[in-house]
Amino acid sequence: MQPALHPIGIMADSHGNNGLLLSAITALKALGARQLFHLGDVCDSLSPHLITEAMNILSKHHVRCVRGNNESDILHHNRDAHLSDAQKAALSLLQNLPYTVDLGSFRFTHSAPFAYPAATKRPISEFLPLLTRDDQPDFSILFRGHSHRPSILELRQGAIEKIPVQPGVDIPLDRSRRYIITVGAVETASSVLFLPREYAVRFVAVPRHRT
């Protein structure tokens, strides 16, 4: 897929808080986001009844979503359950979620840019020695969720530099460098606007009221 030129709105870890999910989508669209991504844990394994509403919100607003650990847990625990047709339909939507999505050299995943279970469950810290190698893997920016705490890591061969996160301001990135950006969690009022033309990222607060 060709790289994006218009602003991209990115969110993660709404955990069934569908009012906040809608607020995040609305806020990012208001800032000009033309494409939207949810980086997993749109659901919560303790509240599976909220799946249908969450997935309807994503579908209505054309938000692309990857599978998080909560989606994987829901699928695992309900594999042999006796389900209604509506529940089966909801689980089918989760089953079809990919673990990663690529947009040009930008990669979107829940945790680490590898296959299950690393994609959903393993902490990114386990893979940093591999990710700092210039030959592995082939992304310029990895956008991820899972950790809930917003952060930017600049990757260099064998080294990592933390870039301070400043909410609400555009943080310029270097096109010759590689990055891991943790977008924070919708449930703790964090999302990201990525500006491909300017090659900058902005951490955006999620309004607490539903719009």
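Okay, let's start with one word: a residue counts as buried when its relative accessible area is under 20%. Keep that in mind, and keep in mind too that what we're looking at is a predicted model.

So, aspartate 41. Is it buried or exposed? Its relative accessibility is 2%, so aspartate 41 counts as buried. You'll find it in the loop that runs between strand S2 (35-38) and helix H2 (51-60). There's something odd about its backbone, too: aspartate 41 isn't a glycine, yet its phi is positive, near 60°.

Now go back along the chain to aspartate 13. What is the sign of its phi? Positive, about 55°, and again this residue is not a glycine. Aspartate 13 sits in the loop between strand S1 (8-11) and helix H1 (18-30). With 0% relative accessibility, aspartate 13 counts as buried.

One more backbone feature while we're on loops. Which peptide bond here is cis? Look at the one going from tyrosine 116 to proline 117, where omega is near 5°. Proline 117 belongs to the loop between strand S5 (106-109) and helix H5 (128-131).

Okay, on to the sheet. We've got six strands in an open sheet, and if you walk across it you meet S3, S2, S1, S11, S12 and S9 in that order, with mixed pairing. Why do S3 (63-65) and S9 (170-172) each have one side without a neighbour in the sheet? They stand at the edges, and each has a single partner strand, so that one side stays free of a sheet neighbour. From one strand to the next, the twist averages 25°.

Let's zoom in on that S3 edge. S2 and S3 run parallel, and three bridges join them. If you want a residue to click on, try phenylalanine 37, which stands opposite arginine 64 in S3.

Next, the helices. H1 lies across S1, S2, S3, S11 (190-195) and S12 (200-205), and it runs at about 160° to S1. H1 also packs with H2: the angle between them is about 10°, and their axes are 10 Å apart. Anything under 35 degrees counts as roughly parallel, so H1 is roughly parallel to H2.

Which residues meet there? From H1 we have Asn18, Leu21, Leu22 and Ile25, and from H2 they meet Glu53, Ala54, Ile57 and Leu58. Sorted by class, that H1 and H2 contact has six nonpolar residues, one polar and one charged.

And that's my tour, thanks!

Key
Residues numbered from 1 in each chain as written. Predicted model: local features only at pLDDT ≥ 70, side-chain atom pairs only at ≥ 80, totals over all residues. Heavy atoms only, no water. Helix = DSSP H or I, 4+ residues; strand = E, 2+ residues; numbered from the N terminus. Buried < 20%, exposed > 50% of the residue type's maximum accessible area, 1.4 Å probe, protein only. Pairing = 2+ DSSP bridges. Axes fitted to C-alpha atoms, helices over the stretch in contact; angles between N-to-C directions. Contact = heavy atoms within 4.5 Å. Parallel < 35°, antiparallel > 145°, perpendicular 65-115°, else oblique. Nonpolar A, V, L, I, M, F, W, Y, C, P; charged D, E, K, R; others polar.
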